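Trainee: Could you take me through this structure step by step? I would like to ask about one topic at a time.

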Amino acid sequence: MNQWKNFSKGFFKENAVFTLLLGMCPTLGVTSSAINGLGMGLATTFVLVMSNLVVALIKDFIPDKVRIPSFIVVIATFVTIVEMIMQAYLPSLFDALGLFIPLIVVNCVVLGRAEAFASKNSPVSSIIDGLGMGLGFAMALTILGSVRELLGSGKLFGNVIYPDQYGMLVFVLAPGAFIALGYLIAFINRVKEKA
Amino acid sequence: MAKTESTLKNMVLTLLVITVIAGASLGFVYKLTKEPIALAKLNKQQTAIKEVVPGFNNNPGEEVLELTSKEGFNIKVFPARKDGELIGVAIETMTNTGFGGDVKIMVGLKPDGTIINYQVLEHKETPGLGTKMDVWFKTDKGHQSVLGKHPEKNNLTVSKDGGEVDAITAATISSRAFLKAVRVAYDTYTENSGKIASAQNSQPTAEGGVQ
């Protein structure tokens, strides 16, 4: 299989957020600022790559009937590792993302890739798939976070662009996540149609 | 390589092996990160204390008094001393009346109760509204600031309730919760000032004993 295609599909053609609409819970929940989106995206990327690798390595030993529980244990292990490492070395990011880190376990993107890709492909392809999917997810979350932060509080990655009394507060709150995501998806669909 | 058959023995064995390996690796990472996590938490506490009561040279974290307010909240009092003299207390205080539940703040009081500074530690208030509390009550604009005020001499409630503090725009409930937490800190401090003072008296001898 063409590895470049395998890597790049996660960004656009099969982007988890914009095309597959998977992993909506962290997408809508944490993207109140660009840096939160990026942090969550990278944490998910790590889990995706590692779980894809391990699942691809052990796929032949796992009886079909217990494959889902096995995958979940693998994923949960990596999520807990990320959580502990983040708590130890990036406490401020951990404070911001806190609640959502354990939720990576139930992020459909991670289990979806383990089930749909890693359990059928070689370890190398699986790592590339995980990396592409994860970075695509991180990209989507960062874009969404940037839009919401810019419109809502006039900042971008914490840098003031315009004074925040002109910001539309709704974009920082939960409804703004839905509105921003809806328009982003509409925009991307339009671009795709033309392409 | 052929796929393992889904027999009972195989399934039990696979799950057992996977969970054992997962458990072992988690235990390993836990051991590895235990110290940095504790250090990060301690660091955060120290920075907060330094910000709310500057200028001490003891270790307030070692002299912490764990008290219970009359509302039943757990309050931690960190006495800050300079050369053995009490220059203020950093009080980790909270209320459960925030818009999103608990609001935890660290507030620094002079020995007479005047507010030196504060820092918000933990809250679940609305982003963009209640979250402004981390700077709002420090900003010297209108009647926003609580710094330099005294919970007894000044009426530290929001202007809507007849007090003299401007609430955060569109976040009166969060503002009330914040001021309530300050009040809890002050009440707990005055109620236990005897205990805190006696800790102070015993302190030099304890220090002398070490030296």
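Mentor: We shall discuss the interface, a pocket, a cavity, the salt bridges and two buried residues. Please keep in mind that this is a predicted model.

Trainee: Let us begin with the two chains. How many residues of chain B are in contact with chain A?
Mentor: On the side of chain B there are 27 such residues, and they are in contact with 25 residues of chain A.

Trainee: And how much area do they bury between them?
Mentor: Chain B and chain A bury about 2200 Å² between them. Carbon and sulfur atoms account for 74% of that area.

Trainee: How many salt bridges are found across that interface?
Mentor: The rule finds zero salt bridges across the interface of chain B and chain A.

Trainee: Let us turn to pockets. How much space lies in the second largest pocket?
Mentor: The second largest pocket holds about 290 Å³ of space. It is lined by 14 residues, and the closest to its centre are Val54(A), Ile58(A), Val74(A), Ile18(B) and Ile21(B).

Trainee: Which elements give two or more residues to that lining?
Mentor: In chain A they are helix 3 (34-58) and helix 4, and in chain B it is helix 1 (8-52). Helix 1 of chain B provides the largest share of the lining, with six residues.

Trainee: What classes of residue line this pocket?
Mentor: The lining of the second largest pocket has 11 nonpolar and three polar residues, and no charged residues.

Trainee: Now for cavities. How many are counted?
Mentor: The count comes to one cavity of 30 Å³ or more. About 40 Å³ of space lies in the largest cavity.

Trainee: Which residues line the largest cavity?
Mentor: Its lining consists of Thr68(B), Ser69(B), Lys70(B), Glu71(B), Val184(B), Asp187(B), Thr188(B) and Glu191(B). Helix 3 (residues 172-191) of chain B gives the largest share, four residues.

Trainee: And how does that lining divide by class?
Mentor: The lining of the largest cavity has four charged residues, three polar residues and one nonpolar residue.

Trainee: That brings me to salt bridges. How many are there over all chains?
Mentor: Over all chains, the count comes to nine salt bridges. In chain A, Arg67(A) forms one with Glu115(A), and their closest N and O atoms are 2.8 Å apart. This pair links distant parts of the chain, as Arg67(A) is in helix 4 (residues 67-89) and Glu115(A) is in helix 6 (residues 108-118), 48 residues apart.

Trainee: Are those two residues buried, exposed or partly exposed, and what are the values?
Mentor: Arg67(A) is partly exposed, with a relative accessible area of 28%. Glu115(A) is also partly exposed, at 23%.

Trainee: You listed Glu71(B) in the cavity lining. Which residue does Glu71(B) form a salt bridge with?
Mentor: The partner of Glu71(B) is Lys180(B), with the closest N and O atoms 3.4 Å apart. Lys180(B) lies in helix 3 of chain B, and Glu71(B) lies in the loop between strand 1 (65-68) and strand 2 (74-82), so the pair ties together parts that are 109 residues apart in sequence.

Trainee: Which residues are linked in a network of salt bridges?
Mentor: The network links Lys70(B), Glu152(B), Arg183(B) and Asp187(B). Lys70(B) and Asp187(B) are also among the residues that line the largest cavity.

Trainee: Last topic: buried residues. Why does Ser175(B) count as buried?
Mentor: Ser175(B) counts as buried because its relative accessibility is 0%, and the cut-off for buried is under 20%. Ser175(B) lies in helix 3 of chain B. Setting aside residues up to four places away in sequence, Ser175(B) touches Phe137(B), Val158(B), Ala167(B) and Ile168(B).

Trainee: And where does Ile105(B) lie?
Mentor: Ile105(B) lies in strand 4 (residues 101-109) of chain B. Ile105(B) is buried, with a relative accessible area of 0%.

Trainee: What is Ile105(B) in contact with?
Mentor: Apart from neighbours within four places in sequence, its contacts include Ile91(B), Leu121(B), Phe178(B), Ala181(B) and Val182(B). Ile105(B) and Val182(B) are 77 residues apart in sequence, and their C-alpha atoms are 8.1 Å apart in space.

Notes: Residues are numbered from 1 along each chain as its sequence is written. Chains are lettered from A and ligands numbered from 1 in the order in which they are written. This is a predicted model: local features need pLDDT of at least 70, side-chain atom pairs count only at pLDDT 80 or more; totals for chains, interfaces and linings use all residues. Side-chain values use heavy atoms; hydrogens and water are left out. On a 1 Å grid over the protein atoms alone, a cavity is a set of points where a 1.4 Å probe fits but cannot get out, and a pocket is an open set with protein on both sides within 12 Å along at least five of seven lines; lining residues have an atom within 4 Å of a point. Grid points are joined across faces, edges and corners, and a volume is the space filled by probe spheres set on the points. Ala, Val, Leu, Ile, Met, Phe, Trp, Tyr, Cys and Pro count as nonpolar, Asp, Glu, Lys and Arg as charged, and the others, Gly among them, as polar. A salt bridge is a side-chain nitrogen of Lys or Arg within 4 Å of a carboxyl oxygen of Asp or Glu. Buried means under 20% relative accessible area, exposed over 50%, partly exposed in between (1.4 Å probe, protein chains only). Contact means heavy atoms within 4.5 Å. Buried area is the accessible area (1.4 Å probe) that two parts lose on being put together, summed over both.
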